[in-house]
Amino acid sequence: MSAAPCEEAPRVAARDWNSDLYLKFEQERTRAARDLLARIPWCETRLVFDLGCGPGNSTELLTRSFPGAEVVGVDKSDNMLAVARARVPAVRFVKDDVAQWRPPAPADLIFANATLHFLPDHRKLIKSLLESLRPGGRIAVQMPNNTHELSHAAMRMVAADGPWADRLVPVAKSLTVIGQADEYYDLFAPLCHSVDIWQTIYIHPLDGPDGVVEWFEGSGLRPFLDLLSPEENWDFLSRYRERLAQAYPRQPDGKVLLRYPRLFFVLQK
């Protein structure tokens with residue numbers, strides 16, 4: 001269930017996403033999108049929306065899988081949208097906040113890969129999006145489910161132990177926690193014709209603690225780093241790197257193995 005914040009997190013203007021950091025691990029990030037796409041049941045598909053499309057890697061997959069459909073990418077990052085437009089020029093991209101966005105016409109497929117876990121109430125949003133599907137339409141969702149992994153425990157410990165604790169502890173408490181599979185099944189099964197739900201734990205060999213830091217600088221660390229000055233960023237990441245070195249032993253080839261659980265579900269109306 002969602003974690004209720006004990007106090008309101010500071011409100012600041014977040015920095016834009018960095019597509020270069022995100023795409024450094026493009027192959028690994030796109031693998032989950034491919035796995036999600038492979039489980040979508042077939043039906044005639046004319047209108048597809050890619051929510052939180054980022055740099056267009058998932059959008060490109062959708063255009064290949066549904067060549068006759070209109071595919072629309074939605075994201076609020078100017079940086080990501082610029083990269084996506086260059087990558088998939090035939091697609092229309094829309095700048096909008098996914099939390100507030102609703103499709104302008106009944107959709108055949110709404111695809112959300114590693115997006116909805118950033119939102120404060122993704123359960124409510126998904127129920128609303130289900131109503132916007134045409135009969136037989138699908139919603140396909142993938143969300144990282146790594147709150148309890150060592151990588152994220154280390155983030156929270158560094159946030160609480162440093163001179164920035166008064167700013168970062170409220171952020172840690174306000175981050176969305178992904179629920180158990182049965183919770184989502186029970187919530188959506190009464191509203192859908194079918195529910196396909198599963199979890200996969202990916203194991204990513206990375207180049208030591210530095211590789212883990214680089215991975216999360218483009219995703220999970222953003223809510224913390226956005227509140228820090230450049231000097232504090234350097235200090236925070238140094239402390240985080242030290243904790244990672246303790247948490248992830250090196251393999252004989254020098255790599256460390258990052259466990260990365262992801263929760264998937266495909267809902268058909």
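Two rings of Phe, Tyr or Trp (for Trp, its six-membered ring) count as a pair if their centres lie within 6.5 Å. Keep that in mind as we look around this model, which is a predicted one. Ring pairs of this kind join Phe-25, Trp-215, Phe-216 and Tyr-260 into a cluster, and the structure holds ten aromatic pairs.

Let's start with Trp-215 and Tyr-260. Their rings sit 5.3 Å apart, centre to centre, with 50° between the planes, and that makes the pair tilted. Trp-215 belongs to helix H9 and Tyr-260 to strand S7, so this pair ties together parts that are 45 residues apart in sequence. Are these two buried or exposed? Trp-215 is buried, with a relative accessible area of 0%, and Tyr-260 is buried too, at 4%.

Tyr-260 has another partner in the cluster, Phe-216. Here the ring centres are 6.1 Å apart and the planes meet at 15°; planes under 30 degrees apart count as stacked, so this pair is stacked. Phe-216 lies in helix H9 while Tyr-260 lies in strand S7, so once again parts of the chain are tied together, this time 44 residues apart in sequence. Phe-216 has a relative accessibility of 1%, so it counts as buried.

Charges come into the picture as well. Look over the ring of Trp-215 and you'll find the charged end of Arg-29, 4.6 Å from the ring's centre. A similar arrangement involves Trp-198: the charged end of Arg-39 sits over that ring, 3.8 Å from its centre.

Now let's move to helix H6, which runs over residues 150-161. Does its length fit what you'd expect, and what span should you look for? At 1.5 Å a residue, its twelve residues should span 16 Å, and the C-alpha atoms at its ends are indeed 16 Å apart, so the two agree.

Which residues of H6 are buried? They are Ser-151, His-152, Ala-154, Met-155, Val-158 and Ala-159. If you look down the axis of H6, these buried residues fall within an arc of 155°, so they line one face of the helix.

And what covers them? The cover includes helices H7 (165-174), H9 (208-217), H10 (222-225) and H11 (230-247), along with strand S7 (256-268). Two of those names should ring a bell: helix H9 holds Trp-215, and strand S7 holds Tyr-260.

Notes
Residues numbered from 1 in each chain as written. Predicted model: local features only at pLDDT ≥ 70, side-chain atom pairs only at ≥ 80, totals over all residues. Heavy atoms only, no water. Helix = DSSP H or I, 4+ residues; strand = E, 2+ residues; numbered from the N terminus. Expected span 1.5 Å × (residues − 1). Buried < 20%, exposed > 50% of the residue type's maximum accessible area, 1.4 Å probe, protein only. Arc of directions from axis to C-beta. Contact = heavy atoms within 4.5 Å. Phe/Tyr/Trp six-rings, centres within 6.5 Å; stacked < 30°, edge-to-face > 60°. Lys NZ or Arg CZ within 6 Å of the ring centre and 35° of its normal.
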